[in-house]
Structure formats: C-alpha cells, structure tokens
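User: I am in my first year and would like a close look at a single part of this protein chain, with its surroundings explained step by step. Could you choose one helix and take me through it carefully?

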Amino acid sequence: MDRGGCRMSGGGGGGGGGGGGGMITLEDLESMSEEQLSDELEEEQDEEEQGRLLRYWTDVARGHQVEVPRDMAEPIQQITTNNDGTHTREQVPHTLVTRKEKCGEVLYEKRRYEKAHWACITVHEDTYEQSICNGFMKIMRFICQQNTAGRYLGMTIPIVTVIRTDDLHTALTRAVTVAYFLPAAHQPDPPRPHDPEIRIEQWPTTTVYSRAFTGATNERSILQQVRALAEALDPPHECLRDSFIIAGYTNPAAAHRHNEIWFLERP
C-alpha cells in the first residue's frame with residue numbers, strides 16, 4: 001500500500017528563493033506536532049516492513065511455483081504482527097479423550113472438537129504446496145478486513161487442510177480444502193467473506209485421532225504420516241478412509257513447521 005510518506009529531502013527549488021519543489025523546511029518541521037512526525041515515521045516503517053515481508057514470502061512461494069500478488073503485503077504484515085509470539089493466538093477448543101504413548105513418545109491423541117463455524121476454500125492446484133499457499137492467501141485476505149465486519153478478525157490455530165487420497169493411500173487428489181476456525185467472538189454471527197470462493201460452514205461435533213510431526217508438508221510427507229498413524233491405531237479401520245486433515249500451527253512460509261495429521265472417527 002502506498003501511503004505517500006514524508007520525504008525529508010526533495011526536488012531542488014530553483015535559485016535560493018522560496019519556490020522549492022517539495023523540500024521540507026525547518027519552519028515546516030517546527031510547525032508539525034510530534035504526533036504528526038511520529039505518524040509519518042510509523043507509516044514509512046510500516047511500508048518498509050511490508051516490503052521486507054512481501055519479499056520473504058515471494059522467495060518462499062517461488063520455491064513452490066506460486067506467485068504472491070503485491071496486494072498481499074498488508075495482510076502478510078497483519079498476520080505476521082499478530083502471530084509473532086507476543087500476541088495470543090486463539091486455539092481451536094477441544095477436549096482430550098485419551099493419549100497413547102510408547103517409551104515416552106506420544107503415538108497419537110484422541111480428541112473431541114465441538115460443532116463450530118469455519119471459513120473454507122477448496123483449491124485445485126497441481127501440487128499440495130501450491131494449493132495450501134494459494135488457499136491460505138485467500139483466507140488471509142478474509143481475516144484481514146475483507147469481510148462484512150470490515151476489520152481484522154484475529155488469528156486462530158491450527159489452520160487445517162482437508163486432503164483426499166486414492167483407495168490405496170498412495171497419492172493425493174488435487175482437491176484441497178483450506179479452513180480457518182472463526183474466533184469465539186465471531187462464532188454466533190460469523191462475518192461473511194467478500195471473496196465468493198470462500199464459504200462459511202458449520203462443522204459438526206467430531207472425534208479425531210491426531211499425530212504430531214514437524215517439517216514441510218508435501219505429498220510424500222503427508223502419505224508417510226497417514227501410514228504412520230494407521231500403524232499406531234488399533235484397530236485402524238475405525239477411522240481410516242480416503243479423507244484426512246493436516247493441521248498447521250505455523251504459516252506455510254515458516255522454515256520449521258509444527259503439524260499434525262488427523263484421522264476422523266467413523267460416526
């Protein structure tokens with residue numbers, strides 16, 4: 001976003017007279033309040049920070065063959081500022097039913113998630129990484145003011161993606177659904193997205209089996225985690241199907257990601 005900014009030097013005025021073309025004089029500075037100067041400086045710093053973050057996301061996305069539009073600069077900054085460890089990120093509420101451990105390692109947790117509203121978008125890109133990047137950028141716009149509430153809604157974790165596999169769990173299908181849990185304050189009356197591709201859904205009460213893993217999420221790592229959780233479950237047929245959920249606790253541009261694979265219990 002181009003806010004103009006305050007230039008402390010500029011076009012040379014002809015001669016020594018007062019016809020300068022854009023120069024801010026000492027008198028100008030003295031007439032400006034400290035608050036005005038502070039606001040101008042903050043705007044310049046915001047622009048610099050937006051540019052830095054946009055370049056970082058662009059570099060990361062390029063590795064996944066994804067283009068990051070320039071209008072993502074402000075949403076990226078808002079998400080980053082509110083996701084930097086100093087702000088509270090609302091977690092999707094759940095109840096721990098049971099946990100299975102072996103030699104101090106958590107093999108999986110069984111959890112119950114109550115009925116709730118989620119903002120969802122289904123993407124059909126060539127790869128899983130492309131789908132989650134493009135889907136998450138659209139969800140970010142919704143979170144950052146492109147909604148009927150007209151304001152930043154707040155970040156919740158995890159962001160989840162619903163993935164589907166073939167019958168043998170050897171390949172992912174192209175359809176990937178990216179979903180964002182509406183914060184508790186917006187659950188009774190969810191803001192509507194401006195983007196017609198995003199829909200608000202009420203997901204029913206669900207029991208999931210969850211297994212944590214770290215690192216990048218791609219087709220290979222996801223299929224490995226599907227197999228690992230299936231081996232840990234006893235018996236796996238209670239929830240093993242062709243549809244699973246990847247829960248991401250860090251954004252897709254993060255170098256070290258905290259993820260979970262979820263199996264949904266059969267109703």
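Analyst: What follows is a walk along helix 4 and then outward to the parts around it. Please keep in mind throughout that this is a predicted model.

It helps to begin with the whole chain, which contains 5 helices and 11 strands. Of its 267 residues, 41% count as buried, and the chain exposes about 14700 Å², of which carbon and sulfur atoms supply 48%. Among contacts between residues at least 6 apart in sequence, 71% join residues that are at least 24 apart.

Helix 4 itself covers residues 128–143, which makes 16 residues, and from its first C-alpha to its last it reaches 22 Å, close to the 22 Å expected at 1.5 Å a residue. The helix is mostly covered, since 14 of its 16 residues are buried, that is, each of these has under 20% relative accessible area. As a general point, an α-helix has 3.6 residues a turn, so residues three or four places apart point the same way.

One residue to follow within helix 4 is Asn-134. Leaving out residues up to four places away in sequence, Asn-134 touches Val-66, Glu-67 and Glu-125. Of these partners, Val-66 is 68 residues away from Asn-134 in sequence, although the two are 7.4 Å apart in space, C-alpha to C-alpha.

At the end of the helix stands Ile-143, which, again not counting residues up to four places away in sequence, touches Ile-79, Arg-151, Tyr-152, Leu-153, Gly-154, Met-155 and Tyr-180. Just after helix 4, Gln-145 takes a positive phi of about 85°. In general, most residues other than glycine have a negative phi.

Which residues have the most contacts inside the largest nonpolar core? They are Ala-119, Ile-139, Phe-142, Ile-143 and Tyr-180, in a core that has 25 residues. Helix 3 (73–81), strand 4 (116–123), helix 4 and strand 7 (176–181) each supply at least two residues of this core, and the largest share, 7 residues, comes from helix 4. There is also a second, separate core of 21 residues, and Tyr-128, Ala-232, Ile-261 and Phe-263 are included in it.

Strand 4, one of the contributors to the largest core, is mostly covered as well, with 7 of its 8 residues buried. This strand runs antiparallel to strand 8 (residues 199–203), to which 5 bridges join it, and Cys-120 has Arg-199 as its bridge partner in strand 8. Strand 4 also pairs with strand 7 in the antiparallel sense, over 6 bridges, and there the bridge partner of Thr-122 is Thr-177. In general, the side chains of a regular strand alternate between the two faces of the sheet.

Cys-120 invites a look at another cysteine, Cys-103. Cys-120 counts as buried because its relative accessibility is 0%, under the 20% limit, whereas Cys-103 counts as exposed because its relative accessibility is 82%, over the 50% limit. Cys-103 is found in the loop between strand 2 (95–102) and strand 3 (105–113), and its phi is near 55°, a positive value in a residue other than glycine. The structure holds 0 disulfides.

His-169 offers another positive phi, near 60°, and this residue is found in the loop between strand 6 and strand 7. Is His-169 buried or exposed? It is buried, because its relative accessible area is 15%, which falls under 20%.

A separate backbone feature belongs to Pro-158, in the loop between strand 5 (156–157) and strand 6 (159–164). Here a cis peptide bond joins Ile-157 and Pro-158, with omega at about 0°. Most peptide bonds, in general, are trans.

Finally, Leu-233 lies in the loop between helix 5 (219–232) and strand 10 (243–248). This leucine counts as buried because its relative accessible area is 5%, under the 20% limit. Apart from neighbours within four places in sequence, Leu-233 is in contact with Tyr-108, Tyr-209, Cys-239 and Phe-263, and Phe-263 is one of the residues of the second core. Leu-233 and Tyr-209 are 24 residues apart in sequence and 8.5 Å apart in space, C-alpha to C-alpha.

Note on methods: Residues numbered from 1 in each chain as written. Predicted model: local features only at pLDDT ≥ 70, side-chain atom pairs only at ≥ 80, totals over all residues. Heavy atoms only, no water. Helix = DSSP H or I, 4+ residues; strand = E, 2+ residues; numbered from the N terminus. Expected span 1.5 Å × (residues − 1). Buried < 20%, exposed > 50% of the residue type's maximum accessible area, 1.4 Å probe, protein only. Contact = heavy atoms within 4.5 Å. Disulfide = S-S within 2.5 Å. Core = buried A, V, L, I, M, F, W, Y, C linked by side-chain atoms within 4.5 Å. Areas by Shrake-Rupley, 256 points an atom, 1.4 Å probe, with all protein chains shown as cover. Pairing = 2+ DSSP bridges.
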